[in-house]
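Here are my notes on the model, set out point by point. Please read them with the structure open.

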Amino acid sequence: PIDGPLAGKKAVVTAGPTREALDPVRYISNHSSGKQGYAIATALSRLGADVTLVSGPTSLPQPAGVNFVQVETAVQMLDAVKSELPSDIFISVAAVADWRPAEPSDVKIKAKTTKDGLGSITLVENPDILKTISHMKGKRPSLVVGFAAETNDVEDHAQGKLERKGCDWIVANDVSGDVMGGSENEIAIIKRDGIERLPRMDKSAVAQNLALRIAENFSTIKAK
Ligand code: C5P
């Protein structure tokens, strides 16, 4: 409850990877470090928002001044986000695993139980958290922002994603280089009525730029 353009606004941010168990010692995950999402949570909080960061497993310290909810799986992440609603702002930065093992084993799978080693693993689709929150009736946050990590045709794919997910903005970033895990990011903010490209900069500068645009969005709504 500090002062700032986002004072009185609540924001929920997801960050990091999710981890989907195969058995008690193995999992499916990805290279997301959580840096960009943590930086966004911090930047929103500095502008006065009441921020909850819902994070998958990362090696980052908990950012000061934000509420922190630790989760592991996509299903847990969705539950955690839902239980934070109502919220004015939802920013989905997490690299959610699209699939999870259908039936994780309670015991360590023996590598040699079949002649094919682990054999085949049946996967089921995880819930799409961004899409679910975007389509909520009644409790939908008034600003829902998704991320589109692409390696090619970044902006084309992002436009389609805006429609498919039902969110208000997509932040497109090109992860073909060393963005995942790296300290810099180059983004374009795609809205229904236009696109703004930002130069490559530090992830914390990206976060500040995005947070300022979010604050602007709410001040123009207020002015109407
Ligand atoms: O479809 P794709 O994974 O490229 O979409 C990326 C966006 O959707 C990100 O904002 C990510 O946080 C979100 N997402 C999600 N739940 C999923 C998959 C993606 O919230 N299961």
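1. The sheet in this predicted model is open and has 8 strands, in the order β5-β4-β1-β6-β9-β10-β12-β13, with mixed pairing. Its edges are β5 (67-70) and β13 (194-197), each of which pairs on one side only. Direction ignored, neighbouring strands of the sheet are turned by 15 degrees against each other on average.

2. Within the sheet, strands β10 (residues 169-174) and β12 (residues 187-191) run antiparallel and are joined by 5 bridges. One residue pair to look at is W169 and K191: K191, in β12, is the bridge partner of W169.

3. Which strands does helix α4 lie across? Helix α4 (residues 154-165) lies across β9 (143-150), β10, β12 and β13, and runs at about 155 degrees to β10.

4. Helix α5 covers residues 203-223 and includes S204. The relative accessibility of S204 is 35%, so this residue counts as partly exposed, since that class lies between the buried limit of under 20% and the exposed limit of over 50%. S204 and E184 are 20 residues apart along the chain, and their C-alpha atoms are separated by 8.3 Å.

5. Strand β8 (residues 123-125) contains L123. L123 has a relative accessible area of 36% and is therefore partly exposed. Together with W99 and I121, L123 makes a nonpolar surface patch of about 270 Å². Membership of such a patch requires over 30% relative accessible area, and L123, at 36%, is therefore above that cut-off.

Note on methods:
Residues numbered from 1 in each chain as written. Predicted model: local features only at pLDDT ≥ 70, side-chain atom pairs only at ≥ 80, totals over all residues. Heavy atoms only, no water. Patch = residues over 30% accessible without salt bridge, like charges linked within 9 Å, V, L, I, M, F, W, Y side chains within 5 Å. Areas by Shrake-Rupley, 256 points an atom, 1.4 Å probe, with all protein chains shown as cover. Salt bridge = Lys/Arg side-chain N within 4 Å of Asp/Glu carboxyl O. Helix = DSSP H or I, 4+ residues; strand = E, 2+ residues; numbered from the N terminus. Buried < 20%, exposed > 50% of the residue type's maximum accessible area, 1.4 Å probe, protein only. Pairing = 2+ DSSP bridges. Axes fitted to C-alpha atoms, helices over the stretch in contact; angles between N-to-C directions. Contact = heavy atoms within 4.5 Å.
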